[in-house]
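Biologist: I am new to this structure and would like a close look at one part of it. Please begin there, and then lead me outward to the spaces and the bound molecule, taking as much time as the subject needs.

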Amino acid sequence: MVDLEEDIRSLQLDSAAEDINGVVNPEDEKPDVDKMDEDPKQEVQAQSVEAEPKAKVKEILSVQDEEDEQMKKRHLNVVFIGHVDAGKSTTGGQILFLSGQVDDRTIQKYEKEAKDKSRESWYMAYIMDTNEEERVKGKTVEVGRAHFETDTTRFTILDAPGHKSYVPNMISGASQADIGVLVISARKGEFETGYERGGQTREHVQLAKTLGVTKLLVVVNKMDDPTVNWSKERYDEIESKMIPFLKQSGYNVKKDVSFLPISGLMGLNIKTRLDKSLCSWWDGPCLFESLDSIEVPMGDPKSPFRMPIIDKFKDMGTVVMGKVESGTIRDGDSLLIMPNKDHVKVVAIYIDENRVTLAGPGENLRVRLSGVEEEDILSGFVLSSAANPISTVTEFVAQLQILELLDNAIFTAGYKAVLHVHSVVEECEIVELLQQIDPKTRKPIKKKVLFVKNGAIVLCRVQVNNVICVEKFSDFPQLGRFTLRTEGKTVAVGKITAL
Ligand code: GTP
Ligand code: MG
């Protein structure tokens with residue numbers, strides 16, 4: 001029983017119970033991701049996940065020594081999450097600027113461009129928001145990706161969009177992340193809107209927990225804003241409201257969460273600690289220090305190789321992109337692309353712009369393969385150990401926690417939703433409810449279950465139309481936890497208990 005309880009905690013979420021009777025906000029905008037013009041600007045490091053492929057692979061030999069040195073540093077994927085306009089892209093951009101990756105001239109250029117678009121204060125966000133529509137609207141759409149490093153760690157920043165229309169993109173970013181930076185705006189009224197029901201502060205925290213983001217750094221941003229002015233009272237208010245919610249979402253606040261005040265726009269408390277004359281009450285670390293000191297358990301480099309594919313392209317062969325969830329990949333390895341069982345050979349492995357000979361869990365890679373055509377690969381496929389490939393199914397048993405059904409609908413056999421599991425997005429249907437679990441005692445309820453409502457925990461059989469690659473949560477947590485969404489809302493989170 002204790003195990004089950006711990007599992008549910010780790011999966012998350014008692015929070016739904018608290019919120020059952022709220023109003024459901026209909027979506028007011030359809031995602032228009034498809035219409036986006038892709039205009040990846042090359043000046044800086046940040047590139048959207050979708051737009052990244054044509055990466056430059058140069059200077060390999062000249063930097064080999066430095067690279068070997070680099071590879072000794074640990075690598076962490078950090079997803080920036082939080083409500084729309086909280087300052088995720090601004091903070092991400094500032095990090096790149098402070099770590100010396102964007103020069104003053106580029107910043108000046110962005111300042112001018114932002115001004116021309118009547119978005120003066122958005123120039124820092126332009127470092128992460130690389131395409132035109134993002135810049136015009138001042139909203140991130142695709143997950144921006146960038147790299148920086150501190151003394152101990154190489155970081156990949158994944159800058160998620162906050163707008164509710166783009167939650168699927170946020171899910172894809174968070175599912176690649178090891179840790180999360182939750183950005184909260186301290187500006188008067190903005191914290192409140194983000195934290196409300198329907199605000200993405202809540203949804204992102206719950207999703208992040210479900211998707212395996214085990215550690216959170218909560219940055220209370222816009223502390224410089226005139227309505228805040230580095231007020232300790234405001235900071236404490238936000239912290240004290242966030243803590244119970246984070247607990248309900250399954251985070252162990254003492255162990256897994258830390259808070260700190262920053263100004264993304266002014267670049268304060270990011271690379272260096274706050275000046276006492278500005279903020280006398282903050283004794284704690286700056287953002288870089290906090291990121292440096294976070295410890296994250298990594299996947300097992302000796303377990304069977306698994307890398308869900310998030311994108312692919314042609315470049316002297318077929319190149320696939322993804323994050324290693326378990327095992328180790330080496331040059332020359334013979335692997336399988338599942339579920340199609342295509343035999344492939346590893347021709348080259350790249351981390352960022354650097355070619356490497358091997359890579360382990362947590363690394364974001366581009367892998368050049370022979371033996372497969374680009375057309376034969378879809379995102380959601382998994383590059384897999386040949387001796388011990390990932391399981392393929394069209395049906396599985398899962399334990400679901402119902403969060404919030406549309407219009408307080410009931411959840412029964414026949415319920416259809418979109419399943420998000422690692423990089424897979426697939427229509428699914430609940431074909432049978434097997435057993436309800438009492439959310440309070442965590443014990444199975446004997447009575448036969450025909451339907452459940454918000455807040456329920458239920459074991460059920462789930463079917464998909466196409467074969468997908470997944471694992472049991474207990475074997476590979478990242479490949480066995482999922483979310484169910486309908487009409488742009490997350491309705492349930494779950495973990496796969498049997499295949
Ligand atoms: P989405 O990507 O749309 O979810 O937004 P975001 O969280 O990336 O926010 P973004 O960085 O685009 O910033 C939104 C607005 O907040 C911009 O006008 C920024 O200048 C402003 N902003 C961000 N950080 C700060 C800050 O530290 N202080 C102040 N005063 N304004 C900030
Ligand atoms: Mg943004």
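Modeller: In this predicted model, the side chain of Gln-478 makes a polar contact with the side chain of Arg-481, at a distance of 3.1 Å. Gln-478 has its place in helix 13, and because its relative accessible area is 18%, under the limit of 20%, it counts as buried. Its partner in that contact, Arg-481, leads us to an open space in the protein, since Arg-481 is among the residues closest to the centre of the largest pocket, together with Gly-212, Thr-214, Pro-297 and Pro-477.

That largest pocket has a volume of about 780 Å³, and 32 residues line it. Helix 13, which spans residues 477-480, supplies at least two residues of this lining, and the same can be said of helix 1 (2-11) and of helix 11 (253-256). If the lining is sorted by chemical character, it divides into 12 charged residues, 10 polar ones and 10 nonpolar ones.

From the pocket we can turn to ligand 1, which is surrounded by 22 residues, the closest being Lys-88, Thr-90, Ser-121, Thr-140 and Asp-224. Two of these closest residues can be followed down to pairs of atoms: a polar side-chain atom of Thr-140 lies 2.7 Å from an oxygen atom of ligand 1, while a polar side-chain atom of Asp-224 lies 2.7 Å from a nitrogen atom of the ligand. Lys-222 also takes part, with an N or O atom of its side chain 2.9 Å from an oxygen atom of ligand 1. The protein covers 96% of the 650 Å² of accessible area that ligand 1 has on its own. Within the shell around the ligand, helix 4 (residues 88-98) gives the most, with 3 residues, and the shell as a whole divides into 10 polar, 6 nonpolar and 6 charged residues.

Lys-222 deserves a second look, this time for its backbone. Most residues other than glycine have a negative phi. Lys-222 departs from that pattern, with a positive phi near 60°, and its place is in the loop between strand 6 (215-221) and helix 10 (232-248). With a relative accessible area of 15%, Lys-222 is buried. Met-223 lies in that loop between strand 6 and helix 10 as well, and its relative accessibility is 0%, so it too counts as buried. The C-alpha atom of Met-223 is 9.6 Å from that of Met-266, although 43 residues separate the two in sequence.

A positive phi is found again at Asp-85, where the angle is about 70° although the residue is not a glycine. Asp-85 sits in the loop between strand 2 (74-81) and helix 4, the helix that gives the most to the shell around ligand 1. Here the exposure is of another kind than at Lys-222, because Asp-85, with a relative accessible area of 31%, is partly exposed, whereas Lys-222 is buried.

Another backbone feature concerns a peptide bond rather than phi. Most peptide bonds are trans. The bond from Met-338 to Pro-339, however, is cis, with omega near 10°, and Pro-339 has its place in the loop between strand 11 (334-338) and strand 12 (342-351).

A further loop, the one between helix 5 (104-116) and helix 6 (132-137), holds Met-128, which counts as buried at 2% relative accessibility. Met-128 and Gly-144 are 16 residues apart in sequence, and their C-alpha atoms are 5.8 Å apart in space.

Beyond the open pocket there is enclosed space to consider, for a search of the whole structure finds 4 cavities of 30 Å³ or more. The second largest cavity holds about 70 Å³ of space, and its lining is made up of Ser-175, Gln-176, Pro-308, Ile-310, Gly-322, Lys-323, Glu-325, His-422 and Ser-423. Strand 8 (306-314) and strand 9 (318-323) each supply at least two of these lining residues. By chemical character, the lining of this cavity divides into 5 polar, 2 nonpolar and 2 charged residues.

To return to the place where we began, Gln-478 is a buried residue whose side chain is in polar contact with that of Arg-481, and Arg-481 is one of the residues closest to the centre of the largest pocket.

Technical notes: Residues are numbered from 1 along each chain as its sequence is written. Chains are lettered from A and ligands numbered from 1 in the order in which they are written. This is a predicted model: local features need pLDDT of at least 70, side-chain atom pairs count only at pLDDT 80 or more; totals for chains, interfaces and linings use all residues. Side-chain values use heavy atoms; hydrogens and water are left out. On a 1 Å grid over the protein atoms alone, a cavity is a set of points where a 1.4 Å probe fits but cannot get out, and a pocket is an open set with protein on both sides within 12 Å along at least five of seven lines; lining residues have an atom within 4 Å of a point. Grid points are joined across faces, edges and corners, and a volume is the space filled by probe spheres set on the points. Helices (H or I, at least four residues) and strands (E, at least two) are DSSP runs, numbered from the N terminus. Ala, Val, Leu, Ile, Met, Phe, Trp, Tyr, Cys and Pro count as nonpolar, Asp, Glu, Lys and Arg as charged, and the others, Gly among them, as polar. A residue is near a molecule or strand if one of its heavy atoms lies within 4 Å of it. A polar contact is a pair of N or O atoms within 3.5 Å; within protein, one must be able to donate a hydrogen and the other to accept it, and residues adjacent in sequence count only if both atoms are side-chain atoms. Accessible areas come from the Shrake-Rupley method with a 1.4 Å probe; for residues, only the protein chains shown count as cover. Buried means under 20% relative accessible area, exposed over 50%, partly exposed in between (1.4 Å probe, protein chains only).
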